[in-house]
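Here are my notes on the pockets of this model, written as a few short points. Have the structure open while you read.

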Amino acid sequence: MFFLLEVGTEELPADFVDEAIAQWKQIIPNRLEENFLTPDNLEVYGTPRRLALLMSGLPEQQKDRDEVIKGPPAKAAFKDGKPTKAAEGFARKQEVDLKELDIRPTDKGDFVFIEKKIKGRETKEILKELIPSWINSLEGRRFMRWGNGELRFSRPIRWLVALCDQQVLPIEIVNGDSTITSDRLSRGHRILHPDTVSITQASDYVETLRSAYVEVDPKKRQEIIEKDIETIAQQLTGNADLPEDLLTEVVNLIEYPTAVAGKFDPEFLNLPTEVITTVMVKHQRYFAVKKSENELLPNFITIANGDPNKKAIIAQGNERVIRARLADAQFFYTADCDEPLDSYLPELENVTFQKELGTMRDKVDRIMDMAQQIAEQLEISQKEQEEIESTALLCKADLVTQMVYEFPELQGVMGQKYALVSGESQQVAQGIFDHYLPRGANDIMPKTLTGQVVGIADRLDTLISIFGLGMIPTGSGDPFALRRAANAIITVTWEAQLPINLSQLLIQGCQAFMADHSDKESPLEALQTFLIQRIQTLLQDELNIDYDLVNAVLGEADVEYTDRALQNLLDVKDRAEFLQEIRHNGMLDKIYETVNRSARLAAKGDLDYSQLDPSQVVKTELFEKSSEQEFYDSLMTLVSKTTQAQSERNYQLLTEGLLDIVPKVSEFFDGENSVLVMDENLEVRENRLNLLGVLRNHGRVLADFGAIVKS
């Protein structure tokens with residue numbers, strides 16, 4: 001059996017079409033499976049005016065099935081061998097005779113069971129029950145009510161098609177005084193085929209709508225768009241730029257795609273390329289045509305949803321619009337360039353960052369202070385420090401230019417352009433652009449030290465300031481994008497290999513915040529926890545490190561490990577990746593048991609975690625067996641390897657040292673010269689616990705082995 005469901009609506013937001021398709025692809029198969037129905041094929045389609053489901057190979061009804069149903073405990077169901085009210089109620093509910101009750105043992109004692117043969121229901125009846133829930137289960141932003149009903153959906157629902165093969169499946173959607181009843185009448189293209197479309201049978205759906213100038217399959221629409229754009233671009237002797245986000249949006253804005261070429265005055269090519277493409281892509285949804293990687297042609301391609309025979313009229317209309325937009329941009333650019341970039345700084349005093357945190361000019365001052373602290377940690381040249389200072393001073397100046405006011409997407413981009421026009425160095429100009437990077441997942445990373453340092457300073461100021469006001473992200477709510485800011489700090493540090501002490505920067509930043517906001521509580525502890533969580537997420541989700549290995553390098557409620565991770569972000573990443581590597585090559589298994597067993601016993605002592613030199617805490621004169629001396633000698637050899645591993649972040653040296661000590665520890669525990677660690681002599685016991693404690697501490701330089709799950 002073929003089944004078709006089409007929900008017809010007013011024009012849906014482009015992003016909701018994709019979301020709804022994805023949701024239905026997950027929800028509907030699950031609901032069918034719960035009802036013992038499995039189609040041979042299931043397709044979900046979407047256009048701006050409809051969501052559709054087409055299934056083939058559905059059975060006419062469920063298969064008959066045997067079902068075992070668990071009832072009350074046997075003690076409650078029978079008393080003195082006679083059924084109680086509990087048994088009678090269970091039998092009555094299941095519509096069986098008391099004689100059919102069966103007592104069976106379970107892990108929780110004896111229970112009453114029955115075996116029932118369930119006759120399969122007709123598929124049509126099940127679908128009638130399920131379909132309203134499929135529609136109502138969809139979620140999205142800004143759902144709306146219409147009419148006088150309480151029904152909420154992305155846009156008003158106008159028609160409903162439900163067909164089982166050739167037969168209409170009666171479905172009703174009630175919304176206040178109005179009721180939408182299913183039939184076989186769909187709608188064609190709003191312009192090219194405004195009449196209703198009668199669908200004879202479900203299997204004809206795609207072709208019937210196609211004949212009415214509606215391509216219901218988004219994948220097919222995208223193929224048509226890409227092919228037509230490529231054809232036009234070749235005719236223009238160029239290559240079309242196809243941003244993924246724009247392509248996805250356009251696919252869901254049209255029902256019958258027609259590619260249309262347009263042009264603009266070549267004189268506008270004097271504008272920065274980013275300005276032209278922003279006007280095209282962000283504001284007009286046009287595809288730019290490039291002559292080379294960094295050179296545009298004075299052409300564009302747009303995807304129309306109208307009459308293909310009126311391409312010339314469509315092109316003229318679009319050309320008028322882009323001419324006006326580019327003329328505005330040219331005016332803004334010329335006016336902005338008439339003044340040096342630093343002349344805009346006073347205007348930042350009129351822009352509020354946050355009412356309790358002052359203006360954007362105040363924020364710039366804080367960014368400069370934080371950038372200076374980072375620069376001091378990096379021990380860079382005086383010239384580099386001056387470039388960082390200039391970048392920090394100018395990084396937000398373009399926010400008050402006319403171009404960025406009109407096109408906010410160009411923040412940083414125009415700052416870079418205007419800095420060069422103002423005579424700033426290439427490092428400062430690039431740094432202004434770079435400090436916004438990365439702007440999200442999969443974005444490019446900042447290239448310059450100026451951009452890296454100022455970007456980290458900017459985000460740290462935001463984190464400290466907003467946390468200081470108590471606006472900590474909860475659940476999915478994160479209006480200040482603090483998770484993204486924290487992720488950027490960490491990933492930029494990793495990517496650029498910056499040896500910064502984030503812990504110290506947080507302390508200094510929180511002290512400065514408290515100096516200006518004495519009525520607030522210090523956000524330091526909350527920030528430390530938050531950043532550790534972000535490190536954990538990035539290690540697991542982005543670098544694919546096993547969860548237990550991440551816990552091993554970050555510690556579980558271990559203040560020492562937390563502080564160590566924030567003091568050296570490069571080190572925590574290196575250790576996590578190294579642990580994953582030695583898990584894969586088997587070396588971790590070879591040292592795991594020895595280090596972990598030693599750590600468990602060492603916990604019975606009181607040796608400080610920082611002690612790595614056995615000569616400071618172990619008395620050789622108390623040794624009673626040769627295994628103790630050999631253990632001690634191996635630890636002495638291990639000290640230099642561990643020290644070198646720490647300074648060079650070369651944990652292979654430490655692991656090789658731990659591997660060498662394994663047989664000595666095995667002899668100490670279980671060999672012919674083994675010892676009893678918990679000796680009755682308290683001095684001997686402490687001495688042996690200290691041996692194990694020193695070994696544990698060497699292991700802790702790499703990880704908390706107690707957090708690692710044995711392979």
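1. A quick word on terms before we start: Ala, Val, Leu, Ile, Met, Phe, Trp, Tyr, Cys and Pro count as nonpolar, Asp, Glu, Lys and Arg as charged, and the others, Gly among them, as polar. Also keep in mind that this is a predicted model.

2. Let's use those terms on the second largest pocket. Its lining splits into seven nonpolar, five polar and five charged residues. The space in this pocket comes to about 500 Å³. There are 17 lining residues, and the closest to the pocket's centre are A441, N442, T491, L538 and E542.

3. Which helices supply this lining? Both α16 and α18 (524–542) give at least two residues each to the second largest pocket. The most comes from α16, with six residues.

4. Now for the largest pocket, which holds about 2,100 Å³ of space. It has 49 lining residues, and K282, E409, V413, R439 and D443 are the closest to its centre.

5. Several elements give two or more residues to the lining of the largest pocket: α7 (244–251), α8 (273–284), α10 (360–378), α13 (413–421), α15 (449–468) and α16 (482–496). Which one gives the most? That would be α8, with six residues. Notice that α16 turns up here and also in the lining of the second largest pocket.

6. What about the chemistry of the largest pocket? Its lining is made of 21 nonpolar, ten polar and 18 charged residues. Try colouring both linings by these three classes on your screen.

Methods. Residues are numbered from 1 along each chain as its sequence is written. This is a predicted model: local features need pLDDT of at least 70, side-chain atom pairs count only at pLDDT 80 or more; totals for chains, interfaces and linings use all residues. Side-chain values use heavy atoms; hydrogens and water are left out. On a 1 Å grid over the protein atoms alone, a cavity is a set of points where a 1.4 Å probe fits but cannot get out, and a pocket is an open set with protein on both sides within 12 Å along at least five of seven lines; lining residues have an atom within 4 Å of a point. Grid points are joined across faces, edges and corners, and a volume is the space filled by probe spheres set on the points. Helices (H or I, at least four residues) and strands (E, at least two) are DSSP runs, numbered from the N terminus.
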